[in-house]
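Open the model in your viewer and switch to a cartoon view. We will go from stop to stop, selecting as we go.

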Amino acid sequence: MSDFIYSKIKVNKDGFLTKAIQSIYEDKDKPNVIEYHGPWGSLAVSRNLYHGFEPYEDDEYIAIVIGGPLLMYQDNRFIRNTDSNEGTKSIYARWKQNKIKWDKDLNGPFAILFINKLSSEITFITDLMSFIPIYKLQTKDNFVISTHVDVLAKVSGERDRIDPVSQVDFILHGIVTYPYTMYKNIRQVAPATLHKYDNVTLRHIENSYWIPYEKHTDLSLDEVAIQLRQDLQNYINYITNETQNIAQFISGGEDSRTLSALLQPIKRDAFIFIDEMNLEGRIAKKVADIYGADLKVYTRHKYHYAHILPTCSNLVGSGSQYHHAHTYGFHRKCDLQAYDAVFGGLFSDALLKGARIKKVKRSGQLPFKKEEKRTDFSNADHIDSDLFSESILKLLTKRRREHLEYISSFRKESAEEWFELWPSSMNMNIPNIHANRRLFRSYEPFMSNDVVKLSAQIPQSWKLNRRLFHIMAKPLLKPSKWLRHGDGWFPYYSWHLRSITVPFVILKRKVERELLKTNKVHGPWGSWQAVVASKDWVKMKEKYKKGMNPLTAIIEKDKDLIDNNKLTILQQVNLVQVLYFNSKINGVEL
């Protein structure tokens, strides 16, 4: 299924749970929802887009699978069949036999729920990184869990209990520090963990089945690169061996080229979404031609990201940056739901290229200046801002320090990097998955179990300067050897050549902006400067201005937060998303 909501206290109001789940969608996207009620409580589950994972119920249990994990202990032929629960039944049977190994038998994002209708015991399991998070509210009277934080808040009556510390966290950082949420009493549960809740003893017991310990592999760099390439190919083959109709996302970058090569020679469509046919689009066309994909170019409105804020904020949930829902709107235009599988290249940078490693300024950006890790940075540093009250900043700093201490307990060298990786909600890009999995059958090879585990085992020096990724991808990039990246360099070659070409491309584009007074966009994402300066954005800010009321008590006196140039552009975007959230909570007509 796409989402579930479970409440220990039975919800008798007809259709209330269904409406709560459907409220995160626009009318044309609202899914069918199944409700279950009994002495054990109430459950609602929305339709799963991934074939084979409809709910399963017998005399003893209700079994729910969210997402579309690959089953590594059997074939996956069931993913061809619509309206099937074969995958759910298989997982349930293996669990009942006490044979299942959650980190090996299920591959990819998932969330599992088993309800014992006889004993009222609830068992739920999160994936390796909580790519699909589960949230909980636990009181002396009730226990509520859901895969969508706002649905949980609505059902449990927590919508107006906003946590100001989390709102400041989101404005400044684009995430909410684990395990907190935008709501005072709701928490995210632990990743890679089997959870049990006993309705009799009222105890929530957690048992981790995997922790990303910092234990470096004994394999050489070349051996790991070969293993990584095979792991990616195996993951893709598990899906493509059972499907007929697939698509991929494509760009001018190296990740989509690598993906394109791994998908050869399968017939497939390749999609790119851009403001206009620019350099990125032209390179993507060449990539598609080289690797045998049928390119489909779709353009968006210049202020697309202003227009989708309300809808995508609802979809991904509060505490998640809405604008990573890049496919929204195009999921209908392109009929992405019609494909058996749609492949993307998300998390390659985060897990394999050290995107979350803080680097020495300008390292990797000057000729022959390789990327170097900063040694003077810490996520535990006190949060400084003269916009918010010191008391709130102290509380926020404490939360971040606690999370860093938690990560440091099993990762010493790379704690700062994994601070932003585990669980995945600490990575601001993850809402991309939260949106896609609810709209179509999305598969991400770089988020497979083997890649996650490998990322946890390799030294940071292998991630910096694309060392591991380059060796792994080089054979796959050979057909596009002389095709530039959208940023002007050649992915087939190592960081040395990149360090020479990129600075000149950056300089050239800067001169274009200054001398020619052009804001030409070469890449795929458009210009945030143009979006936040648009009349559409200004009008939206004014519309949600009443959402500032809950923040008034934590803003420093005489500070105008809405039009403050001390916030970066993306922080201003985060602020408007918070204003929308607060306006909705307070019943403002939207």
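Start with the cover around one helix. The buried residues of helix H15 (residues 431-439) are covered by elements that include strand E5 (61-66), strand E15 (246-249), helix H10 (309-316), helix H11 (330-333) and strand E19 (442-443). Keep in mind that this is a predicted model.

Now select H15 itself. How many of its nine residues are buried? Nine of the nine are, so H15 is largely enclosed by the rest of the structure. Show the side chains and click along the helix: Pro431, Asn432, Ile433, His434, Ala435, Asn436, Arg437, Arg438 and Leu439 are buried.

**Next stop: the five-strand sheet**

Two of the covering strands, E15 and E19, lead us on. Select E17, E16, E15, E18 and E19, in that order. They form an open sheet of five strands, and the pairing is parallel. Which strands stand at the edges? Strand E17 (294-299) and E19 do. Each has a single partner strand, so one side of each is left without a neighbour in the sheet.

Zoom in on the E19 edge. Strand E18 (residues 341-343) runs parallel to E19, and two bridges join them. Pick Val342, then look across to its bridge partner in E19, Ser442.

**Helices on the sheet**

Keep the sheet on screen and add helix H7 (residues 254-263). H7 lies across E15, strand E16 (268-274) and E18. Its direction makes about 160 degrees with E15. Add helix H8 (279-291). H8 packs on the sheet as well, touching E16 and E17. The direction of H8 makes about 170 degrees with that of E16.

Now compare the two helices. H7 and H8 pack at an angle of about 20 degrees, and their axes are 9 Å apart. That makes H7 roughly parallel to H8. Their crossing is right-handed. Show the side chains where they touch: Arg257, Ser260 and Ala261 in H7 meet Ile283, Val287 and Tyr291 in H8. By class, this contact has four nonpolar residues, one polar and one charged.

**Another neighbour of H7**

Hold H7 in view and select helix H18 (residues 467-477). The two axes come within 9 Å and cross at roughly 55 degrees. H7 and H18 are therefore oblique to each other. Is the crossing left-handed or right-handed? H7 passes H18 in a left-handed crossing.

Colour the contact. On the H7 side, pick Glu254, Asp255, Arg257, Thr258, Ala261 and Leu262. They meet Phe469, Met472, Ala473, Leu476 and Leu477 in H18. The residues of this contact divide into seven nonpolar, one polar and three charged.

Stay on H18. Its buried residues are Leu468, Phe469, His470, Met472, Ala473, Leu476 and Leu477. What do they pack against? Show helix H6 (221-240), H7, H8, helix H12 (348-352), helix H16 (449-457) and helix H17 (460-463).

**Last stop: the six-strand sheet**

Clear your selection. Pick E2, E3, E1, E11, E10 and E12. These six strands form an open sheet in that order, and the pairing is antiparallel. Strand E2 (33-38) and strand E12 (187-188) stand at the edges. Each has a single partner strand, so one side of each is left without a neighbour in the sheet.

Finish inside this sheet. Strand E10 (residues 135-138) and strand E11 (residues 143-146) run antiparallel, joined by four bridges. Click Gln138; its bridge partner in E11 is Phe143.

Key:
Residues are numbered from 1 along each chain as its sequence is written. This is a predicted model: local features need pLDDT of at least 70, side-chain atom pairs count only at pLDDT 80 or more; totals for chains, interfaces and linings use all residues. Side-chain values use heavy atoms; hydrogens and water are left out. Axes are lines fitted to C-alpha atoms, for helices over the stretch in contact, and angles run from 0 to 180 degrees between N-to-C directions. Angles under 35 degrees count as roughly parallel, over 145 as roughly antiparallel, 65 to 115 as roughly perpendicular and the rest as oblique. A crossing is left-handed if the near helix is turned anticlockwise from the far one by less than a right angle, and right-handed if clockwise. Contact means heavy atoms within 4.5 Å. Ala, Val, Leu, Ile, Met, Phe, Trp, Tyr, Cys and Pro count as nonpolar, Asp, Glu, Lys and Arg as charged, and the others, Gly among them, as polar. Two strands pair if DSSP finds at least two bridges between them. Buried means under 20% relative accessible area, exposed over 50%, partly exposed in between (1.4 Å probe, protein chains only).
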